[in-house]
Amino acid sequence: VDYRTDLYSLGAVFYFLLTSKLPFQGSDSMEVLHAILAKQPTPPNQIRPSIPWALGHMILKLLEKDAEDRYQSAFGIQADLQKIQMLFDSSDPSLLMFPLAVHDIGPKLNWRNNLYGRSEEVDILIKAAEDVLRTRDPSLILVNGPAGIGKSAIIRAICDRLKESHA
């Protein structure tokens with residue numbers, strides 16, 4: 001948990017204020033939690049077409065699952081809100097479709113959790129995991145190597161791909 005959790009919460013508040021709906025709904029807390037983790041919210045401008053494109057997509061950016069894909073600072077949000085306000089009264093509504101977060105600079109350098117040059121290893125482990133899921137036969141897979149080589153990153157990548165394919 002870091003400061004970008006607050007920006008996610010701000011996105012949920014904006015979403016509710018503009019649509020009168022929560023971004024994720026369900027019949028119980030587990031269903032809501034699943035939606036938060038695995039589903040994308042309906043774009044606000046699909047619920048209320050009067051919401052400008054940029055504002056709707058700004059809210060979706062605040063609600064991104066991966067913190068690195070959200071706004072990194074309140075300054076970026078403020079810059080986009082000011083631009084939306086400036087362009088809102090324009091006679092050309094297409095001006096409200098502009099790249100978001102251009103002025104968004106976070107307080108620290110964030111490294112992406114991308115893997116490079118490990119697709120063969122990831123594919124082998126994905127196939128093994130899918131075999132276990134398909135056959136329901138228990139299996140043990142060990143990943144070893146020296147510290148700092150990227151074992152944890154490979155496991156995270158496999159978990160992410162399995163979550164996407166089985167959501």
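Biologist: How does H1 pass H4, left-handed or right-handed?

Modeller: This is a predicted model. In it, H1 passes H4 in a left-handed crossing.

Biologist: What angle do they pack at, and how far apart are the axes?

Modeller: The angle is about 140°. The axes of H1 (residues 4-19) and H4 lie 7 Å apart. H1 and H4 are therefore oblique to each other, as roughly antiparallel takes an angle over 145.

Biologist: Which residues meet there?

Modeller: From H1, Leu7, Tyr8, Gly11, Phe14, Tyr15 and Leu18. From H4, Leu55, Met58, Ile59 and Leu62. By class, that contact of H1 with H4 has nine nonpolar residues, one polar and no charged.

Biologist: OK, H4 and H5 next. What's the angle there?

Modeller: About 165°, with the axes 10 Å apart. H4 covers residues 53-62 and H5 covers residues 74-88. That angle makes H4 roughly antiparallel to H5.

Biologist: And the handedness of H4 passing H5, left or right?

Modeller: Left-handed.

Biologist: Which H4 residues meet H5, and what do they meet?

Modeller: Ala54, Leu55, Met58 and Leu62 of H4. They meet Ile77, Asp80, Leu81 and Ile84 of H5. The contact of H4 with H5 counts seven nonpolar residues, no polar and one charged.

Biologist: Switching topic. How many aromatic pairs does the structure hold?

Modeller: Zero.

Biologist: What about the ring of Tyr71, what sits over it?

Modeller: The charged end of Lys61. Its distance from the ring centre is 5.8 Å.

Biologist: Now H6 and H7. How do their axes cross?

Modeller: They cross at roughly 50° and come within 10 Å. H6 is residues 119-135, and H7 is residues 151-165. The angle makes H6 oblique to H7.

Biologist: Is that crossing left-handed or right-handed?

Modeller: H6 passes H7 in a right-handed crossing.

Biologist: Which residues make the contact?

Modeller: H6 gives Val122, Asp123, Leu125, Ile126, Ala129, Glu130 and Leu133. H7 gives Ile154, Ile158, Arg161, Leu162 and Ser165.

Biologist: And how many are nonpolar, polar and charged in the contact of H6 with H7?

Modeller: Eight nonpolar, one polar and three charged. Asp123 and Glu130 of H6 and Arg161 of H7 are the charged residues in that contact. Ser165 of H7 is the polar one.

Biologist: Back to H4 for a second. Which of its residues meet H1?

Modeller: Leu55, Met58, Ile59 and Leu62 meet H1. Leu55, Met58 and Leu62 also appear in the contact with H5.

Technical notes
Residues numbered from 1 in each chain as written. Predicted model: local features only at pLDDT ≥ 70, side-chain atom pairs only at ≥ 80, totals over all residues. Heavy atoms only, no water. Axes fitted to C-alpha atoms, helices over the stretch in contact; angles between N-to-C directions. Helix = DSSP H or I, 4+ residues; strand = E, 2+ residues; numbered from the N terminus. Parallel < 35°, antiparallel > 145°, perpendicular 65-115°, else oblique. Left-handed = near helix turned anticlockwise from the far one by under 90°. Contact = heavy atoms within 4.5 Å. Phe/Tyr/Trp six-rings, centres within 6.5 Å; stacked < 30°, edge-to-face > 60°. Lys NZ or Arg CZ within 6 Å of the ring centre and 35° of its normal.
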